[in-house]
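The report that follows describes one protein model in running text, beginning with a single residue and its surroundings and moving outward from there. Please keep the sequence and the structure in view while reading.

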Amino acid sequence: MLDVSKESVVRMTDKEIIIQLYRNENIAMVQKNLSRLNEILAPTMKLTHMTGYVQSKLEWIDQIQNEEMQYFASKEDTIKAIQIEGNRASLIGQNQVQARIWGGGTHTWRLQMQMFYEKKNGDWVVRRKPVPTKATSD
């Protein structure tokens, strides 16, 4: 008789993977885990800031490393509107991010981001982080 408990593999659905990827990115930026960010983000990923400034993956990681951008906390409020179509997906995540950006003071921003993902070689990565659809600071 086959021992199913040893042989069974828990497989996450694409939806679960995308949600976890969103959470992992937020954790990695707070922990300043640059190698994890490099894995999560597509090589051509673009991040659009509230100011409208469009930043490449490498520039963003470099500024985290050099502490031009410091992320102290990221508290998830909700994840919604998850859409998956083949090898492309998106979700809307709302969170509160405490950070010091480009020499400014430390603020907490309530952000709503629509994140875009792409599946390449069987793995999901963040493809694009456009400008937050709403943002306020405390």
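Leaving aside residues up to four places away in sequence, Asn 38 touches Lys 57 and Ile 61 in this predicted model. Asn 38 belongs to helix H3, and the C-alpha atom of Asn 38 is separated by 8.5 Å from that of Leu 58, a residue 20 positions away along the chain. With a relative accessibility of 41%, Asn 38 counts as partly exposed, because that value falls between the 20% limit for buried residues and the 50% limit for exposed ones.

**Overall architecture**

The protein contains four helices and seven strands, and these follow one another along the sequence in the pattern α-α-α-β-β-α-β-β-β-β-β. Of its 138 residues, 38% count as buried, while the accessible surface amounts to about 8,300 Å², with 49% of that area belonging to carbon and sulfur atoms. When contacts between residues at least 6 apart in sequence are considered, 53% of them join residues at least 24 apart.

**The largest nonpolar core**

In soluble globular proteins, nonpolar side chains tend to be buried together. Here the largest nonpolar core holds 29 residues, and the members that touch the most others are Leu 37, Leu 41, Trp 60, Ile 64, Tyr 71, Tyr 117 and Val 126. At least two residues of this core are supplied by each of H2, H3, strand E1 (41-48), helix H4 (57-65), strand E3 (69-85), E4, E5 and E6. The largest share, six residues, is contributed by H2.

**Selected residues and their spatial partners**

Which residues that are separated in sequence come together in space? The table sets out three such pairs, with distances given from C-alpha to C-alpha.

| Residue pair | Separation in sequence | C-alpha to C-alpha distance |
|---|---|---|
| Glu 25 and Leu 41 | 16 residues | 8.4 Å |
| Pro 43 and Val 125 | 82 residues | 9.2 Å |
| Gln 112 and Asn 95 | 17 residues | 6.7 Å |

Glu 25 lies in helix H2, which spans residues 14-31, and its relative accessibility of 1% places Glu 25 among the buried residues, since the limit for that class is under 20%. The partner of Glu 25 in the table, Leu 41, is one of the residues that touch the most other members of the largest nonpolar core. Pro 43 is placed in strand E1, and at 73% relative accessibility Pro 43 counts as exposed, because the value is over 50%. Gln 112, found in strand E5, has a relative accessible area of 15% and is therefore buried.

**Two residues with positive phi**

Most residues other than glycine have a negative phi. Where, then, are the positive values of Lys 32 and Trp 102 found? Lys 32, whose phi is near 55°, sits in the loop between H2 and helix H3 (34-40), and with 35% relative accessibility Lys 32 counts as partly exposed. Trp 102, with a phi near 50°, is in the loop between strand E4 (88-101) and strand E5 (106-120), and Trp 102 likewise counts as partly exposed, at 37% relative accessibility.

**The second largest pocket**

How much space lies in the second largest pocket, and which residues line it? The volume comes to about 170 Å³, and the lining is made up of Met 12, Ile 17, Gln 20, Leu 21, Asn 24, Arg 36, Glu 39, Ile 40, Asp 123, Trp 124 and Val 125. The elements that give two or more residues to this lining are H2, H3 and strand E6 (123-129), and H2 gives the most, with four residues. By chemical character, the lining divides into six nonpolar, two polar and three charged residues. Val 125, which belongs to the lining, is also the residue whose C-alpha lies 9.2 Å from that of Pro 43.

**Helix H2 across the description**

Helix H2 thus appears in several parts of this account. Glu 25 lies in H2, H2 provides the largest share of the largest nonpolar core, H2 gives the most residues to the lining of the second largest pocket, and the loop that holds Lys 32 runs between H2 and H3.

Notes
Residues numbered from 1 in each chain as written. Predicted model: local features only at pLDDT ≥ 70, side-chain atom pairs only at ≥ 80, totals over all residues. Heavy atoms only, no water. Buried < 20%, exposed > 50% of the residue type's maximum accessible area, 1.4 Å probe, protein only. Contact = heavy atoms within 4.5 Å. Areas by Shrake-Rupley, 256 points an atom, 1.4 Å probe, with all protein chains shown as cover. 1 Å grid on protein atoms, 1.4 Å probe; cavity = no way out; pocket = protein on both sides within 12 Å on 5 of 7 lines; lining within 4 Å. Points joined across faces, edges and corners; volume = space filled by probe spheres on them. Nonpolar A, V, L, I, M, F, W, Y, C, P; charged D, E, K, R; others polar. Core = buried A, V, L, I, M, F, W, Y, C linked by side-chain atoms within 4.5 Å.
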